[in-house]
Amino acid sequence: KLSWVLTLGLPLGLTVSGFPVRGVVGQNVTLPCKYRVNHQKDITTMCWGRGSCPSSQCSQTILRTDGWRVTEHHSSRYRLEGNLAQGDVSLTIVNAAEADGGVYCCRVEIPGWFNDQKNNLELSQSAPL
Ligand SMILES: *[C@@H]1O[C@H](CO)[C@@H](O)[C@H](O)[C@H]1NC(C)=O
């Protein structure tokens, strides 16, 4: 069976590559993304998009939250199953298929200029085991 490998983008184009994510191609896969919530006031809007994070918002947005719940999503295959109020905004892709491979942006919209937390994650398939 093919499984998934996740590569995290860092600033300056460096990457931490190649750790396996739970999930086999054709089943659900979860892309981890978290931010720190110490107080309720830290809870903030976020979006997931395809392609790396642009200078604001998400390109090809696949879902958005108001901090507490999903307010917009473009396919029922994209779900947030973590505890949003604790900053767990990990994305689950239901029945992830080959076409779901690629770069994803998790953007947490921390108030203030240039404060957004931008995580670029690349989902690719590992060699068959
Ligand atoms: C995948 O996610 C869907 C929706 O949350 C769920 O109904 C299904 O049981 C999950 N499949 C697996 C294999 O966990």
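Which residues have the most contacts inside the largest nonpolar core? The legends below begin with the whole chain, reach that core in the second view, and then visit the strands and loops.

**View 1. The whole chain, a predicted model built from strands.** Welcome to the structure. The chain has 0 helices and 10 strands, so reading along the sequence gives the pattern β-β-β-β-β-β-β-β-β-β. Of its 129 residues, 36% count as buried. Contacts often reach across the sequence: among those between residues at least 6 apart, 49% join residues at least 24 apart. The accessible surface comes to about 7,500 Å², and 51% of that surface belongs to carbon and sulfur atoms.

**View 2. The largest nonpolar core, with 24 residues.** Here is the reply to the opening question: Leu 31, Trp 48, Leu 91, Ile 93 and Leu 123 have the most contacts inside this core. Eight names are worth finding along the chain, since strand 1 (3-9), strand 3 (29-31), strand 4 (46-50), strand 5 (61-65), strand 7 (78-80), strand 8 (91-93), strand 9 (102-108) and strand 10 (117-125) each supply at least two residues of the core. Strand 9 gives the largest share, 3 residues. In soluble globular proteins, nonpolar side chains tend to be buried together.

**View 3. Ile 93 and the residues it touches.** Leaving aside residues up to four places away in sequence, Ile 93 touches Gln 27, Asn 28, Val 29, Leu 31, Arg 77, Tyr 78, Asp 100, Tyr 104 and Leu 123. Two members of that list, Arg 77 and Tyr 78, are also worth a look together: the charged end of Arg 77 sits over the ring of Tyr 78, 6.0 Å from the ring's centre. As for rings paired with rings, the structure holds 0 aromatic pairs.

**View 4. Strand 9 between its pairing partners, strand 4 and strand 10.** Strand 9 is mostly covered, with 5 of its 7 residues buried. Strand 9 pairs with strand 4 in the antiparallel sense over 5 bridges, and here Arg 50 stands opposite Tyr 104. Strand 9 also pairs with strand 10, again antiparallel, over 7 bridges. In that pairing, look for Cys 106 and its bridge partner in strand 10, Asn 119.

**View 5. Strand 5 and its antiparallel pairings with strand 4 and strand 6.** Strand 5 is mostly covered too: 4 of its 5 residues are buried. Strand 4 and strand 5 pair over 4 bridges, with Trp 48 standing opposite Leu 63. Strand 5 and strand 6 (residues 70-73) pair over 3 bridges, and Glu 72 in strand 6 is the bridge partner of Arg 64. These two strands form a hairpin with 4 residues between them. In the turn, Gly 67 has a positive phi of about 105°.

**View 6. The loop between strand 4 and strand 5, home to Gln 57 and Gln 60.** Which of these residues is exposed, and which is partly exposed? Gln 57 has 47% relative accessibility, so it counts as partly exposed. Gln 60, at 60%, counts as exposed because the cut-off for that class is over 50%. Their backbones deserve a glance as well. Gln 57 has a positive phi of about 55° although it is not a glycine, and Gln 60, likewise a residue other than glycine, has a positive phi near 40°.

Definitions and conventions: Residues numbered from 1 in each chain as written. Predicted model: local features only at pLDDT ≥ 70, side-chain atom pairs only at ≥ 80, totals over all residues. Heavy atoms only, no water. Core = buried A, V, L, I, M, F, W, Y, C linked by side-chain atoms within 4.5 Å. Buried < 20%, exposed > 50% of the residue type's maximum accessible area, 1.4 Å probe, protein only. Contact = heavy atoms within 4.5 Å. Phe/Tyr/Trp six-rings, centres within 6.5 Å; stacked < 30°, edge-to-face > 60°. Lys NZ or Arg CZ within 6 Å of the ring centre and 35° of its normal. Pairing = 2+ DSSP bridges. Areas by Shrake-Rupley, 256 points an atom, 1.4 Å probe, with all protein chains shown as cover.
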